[in-house]
Every structure is written in C-alpha cells, then in structure tokens.
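Visitor: I would like a close look at a single part of this protein. Please start from one residue and work outwards from there.

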Amino acid sequence: MSTAAFKSGAWDKAKWLLLIVPLLYVVLTMGIPLLDIIRKSFTGPDGFTFQFYVKALSERLYLSVLFSTIRISLIVTVVALLLSYPMAYLSVVAKSSKVRTLITAGVLIPYWISMLVRIFAWQVILQNNGLVNQALMFFGITKAPVKLLYTDLAVTISLVQILIPFMFLSLQNNMKQIDRNLLMASSIMGATKFYGFIHVFLPLSKPGILSGSIMVFVLSLGFYIAPALLGGPDNMMLSNLIETSMTNFNWGLASALSVELLVLVYAIIALTFRLTGNIFVKQY
C-alpha cells in the first residue's frame with residue numbers, strides 16, 4: 001500500500017472517530033433521557049400500563065389544553081409570517097444598503113436581549129395600568145382597563161415577538177437566492193410589478209415560507225416561559241401542563257404528555273414534507 005493510500009485510509013478512520021464525542025454527547029443528553037421518558041409513560045404503580053395515554057387523550061382538560069396549544073401556535077405562525085414577509089422582502093430588494101441593514105438590525109437586535117427581560121416588559125406593557133390600556137383610555141376607545149395580561153392574547157403577542165427572527169431569517173435567506181432576472185423577464189413580457197410578484201417571486205419564496213413556518217410552529221408548541229408568565233390557569237399550554245404534572249409528582253402523566261407533544265411535532269414535520277414533496281431539495 002502506498003503512503004498516500006495509507007494516509008487517506010487513516011484520515012477516513014480518524015473522521016469517524018471525531019464523531020464519537022458529539023454522538024456520545026447526543027446519546028447521553030438526549031437519547032437516554034428520551035428513552036427514560038417513554039419508559040415512564042408506560043409504567044404505572046402496577047407495572048406496564050396505557051392509563052396515562054388514555055387519560056391524556058380522553059379527558060376534557062388535557063384535550064382542551066392540547067387544542068389550545070395547537071391553536072395558539074397556528075396563530076403565532078400566521079402572524080409572524082404576515083409581519084416577517086414584507087420586512088424580509090424589503091431587506092432583500094431595497095436599493096439602499098442602509099435600509100437593508102436597518103431592517104435586519106431592527107429584527108435581530110431585540111432577539112439579543114434576554115428573553116426574560118422581554119417577557120417581563122410585556123407584563124408591564126399589558127397590565128391594567130400599563131401602556132396599552134392607558135393609550136386605549138386616552139383615545140376614548142375604552143372607559144376602563146381591558147384585561148390583556150394573563151390571556152391567550154398576551155401569550156400570542158409575546159411568542160410572535162420572540163419567534164419572529166426565525167421566520168424572518170428563513171424568508172430572507174430564501175429570497176436572496178431568487179434570480180431577479182426572472183422578474184426582469186416577466187416585466188419585459190408585459191407583466192406589472194404586482195403580477196410579477198404574485199406569479200414569480202411569491203411562488204419561488206415558498207421554501208422560505210414553509211421552513212420558517214415549521215420552525216416557528218414547532219417552537220411555539222413547546223414554549224414554556226411566555227405562557228407561564230403571561231398566561232393564567234385558564235390559558236395553559238401543553239408545556240405548562242407537563243410542568244404542573246411534574247410538580248405534582250405525576251411522572252407517568254407528564255411523560256405521556258411529553259411523548260404526545262413529541263409525536264405531534266414529528267407528525268407535523270412529516271406531513272409537511274409529504275405534502276410539499278421535494279420543494280426544499282429543488283430550491284436548495
């Protein structure tokens with residue numbers, strides 16, 4: 001065997017050895033705990049049981065929290081998309097580099113501030129004597145403070161503000177890859193700018209829309225801090241219900257709810273890829 005071939009073979013083996021540390025880390029910090037959660041979800045006082053899954057999928061309280069979590073996550077995703085799309089579009093097509101930088105910085109700088117600080121700020125803004133209620137009463141829209149804090153609205157507003165950078169960056173990255181010559185070609189063929197946007201640019205930005213929506217939706221499903229601090233007992237999400245079950249030392253139910261959330265996330269991702277086909281592969 002030549003020296004070059006020997007070095008090549010040794011390097012190939014070394015590359016696999018380099019994977020041992022990160023792989024071991026993933027197994028120890030994610031794989032084993034996940035298997036333990038699955039085991040506990042099937043383990044009752046008398047051994048193997050399905051009672052925790054039956055309870056999670058049949059009792060009204062748990063189903064209500066599950067559907068509320070999905071509903072809030074969908075609203076957050078749609079609102080984040082509607083807010084992010086025009087900002088991402090302007091950050092890509094704006095002729096001035098200062099405008100592009102300003103838009104990107106405006107989205108990202110708040111993300112660098114501590115999440116707890118931002119959530120506590122929303123508590124101050126949305127409370128009965130907070131900025132929003134004072135503005136509503138000042139302009140005569142309401143005569144008394146409106147309950148905004150500890151509602152689904154407060155949780156939704158906070159989640160949108162926290163997760164909007166994920167949607168924005170996904171859209172921006174995708175839009176930068178769209179060939180502008182296609183828009184120029186449509187203009188040469190007589191299409192207006194609006195027609196070119198609707199029939200050329202918007203369809204080509206679908207991968208960014210899908211990837212950003214999946215990311216925001218999945219993150220919303222498992223979010224804990226914002227619902228815990230801005231929601232109330234009547235506005236719990238699934239993550240808060242899991243924490244409550246753990247606080248009450250009901251490990252079996254908490255594990256079953258965690259597995260339910262995990263299955264829901266993977267089912268949504270699998271369904272999305274099933275419906276969209278190879279759109280990501282074709283684009284990237």
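What is the relative accessible area of Trp251, and how is the residue classed on that basis?

Guide: The model is a predicted one, and every value below is computed from it. Trp251 has a relative accessible area of 40% and is partly exposed. The class follows from two cut-offs: buried means under 20% and exposed means over 50%, so a value in between is called partly exposed.

Trp251 lies in helix 14, which covers residues 251-276. One partner of the ring is a charged side chain: Lys40 lies over the face of Trp251, 5.4 Å from the ring centre. This counts because the limit for a charge over a ring is 6 Å from the centre, together with a position within 35 degrees of the ring normal. The backbone gives a second link to the early part of the chain. Trp251 and Gly44 are 207 residues apart along the chain, yet their C-alpha atoms are separated by 9.4 Å. There is also an aromatic cluster in that early part, formed by Phe42, Phe48, Phe50 and Tyr53.

Next comes the stretch before Trp251. Phe249 sits in the loop between helix 13 (238-247) and helix 14. Its phi is positive, about 60 degrees, although Phe249 is not a glycine. With 64% relative accessibility, Phe249 counts as exposed, because the value is over 50%. Helix 13 itself has buried residues, namely Leu238, Ser239, Asn240, Leu241, Ile242 and Ser245. Among the elements that cover them are helix 4, helix 12 (225-230) and helix 14.

Helix 4 can be followed further. Ser68 belongs to helix 4 and is buried, with a relative accessible area of 11%. Apart from neighbours within four places in sequence, Ser68 is in contact with Asp152 and Met236.

Tyr89 of helix 4 brings us back to aromatic rings. Two rings are paired when their centres lie within 6.5 Å, and by this rule there are 10 aromatic pairs. In one of them, the centres of Tyr89 and Phe197 are 5.2 Å apart and the planes meet at 80 degrees, so the pair is edge-to-face. This pair joins distant parts of the chain, since Tyr89 is in helix 4 (residues 60-93) and Phe197 is in helix 10 (residues 193-204), 108 residues apart. Tyr89 is partly exposed at 25% relative accessibility, and Phe197 is partly exposed too, at 21%.

Tyr111 and Phe166 make another edge-to-face pair, with 5.6 Å from centre to centre and 90 degrees between the planes. Tyr111 is in the loop between helix 5 (97-108) and helix 6 (115-126), and Phe166 is in helix 8 (residues 152-176), so the pair ties together parts 55 residues apart in sequence. Tyr111 counts as partly exposed at 34% relative accessibility. For Phe166 the relative accessible area is 23%, which also makes it partly exposed.

The loop between helix 7 (131-138) and helix 8 holds Tyr150. Tyr150 is not a glycine, but its phi is positive, near 60 degrees. At 39% relative accessibility, Tyr150 is partly exposed.

Back in helix 10, there is Phe201. Its relative accessibility is 1%, so Phe201 counts as buried. Leaving aside neighbours within four places in sequence, its contacts are Tyr85, Tyr89, Met175, Ile178, Leu183 and Gly196. Tyr89 thus appears again, this time as a contact of Phe201. Ile178 is 23 residues from Phe201 in sequence, while the two C-alpha atoms are 7.5 Å apart in space.

The last step is from helix 10 to helix 11 (residues 206-221). These helices pack at an angle of about 45 degrees, with their axes 4 Å apart. That angle makes helix 10 oblique to helix 11. Helix 10 makes the contact with Leu202, Pro203 and Leu204, and helix 11 with Lys206, Pro207 and Ile209. By type, the contact residues divide into 5 nonpolar, no polar and 1 charged.

Definitions and conventions
Residues numbered from 1 in each chain as written. Predicted model: local features only at pLDDT ≥ 70, side-chain atom pairs only at ≥ 80, totals over all residues. Heavy atoms only, no water. Phe/Tyr/Trp six-rings, centres within 6.5 Å; stacked < 30°, edge-to-face > 60°. Helix = DSSP H or I, 4+ residues; strand = E, 2+ residues; numbered from the N terminus. Buried < 20%, exposed > 50% of the residue type's maximum accessible area, 1.4 Å probe, protein only. Axes fitted to C-alpha atoms, helices over the stretch in contact; angles between N-to-C directions. Parallel < 35°, antiparallel > 145°, perpendicular 65-115°, else oblique. Contact = heavy atoms within 4.5 Å. Nonpolar A, V, L, I, M, F, W, Y, C, P; charged D, E, K, R; others polar.
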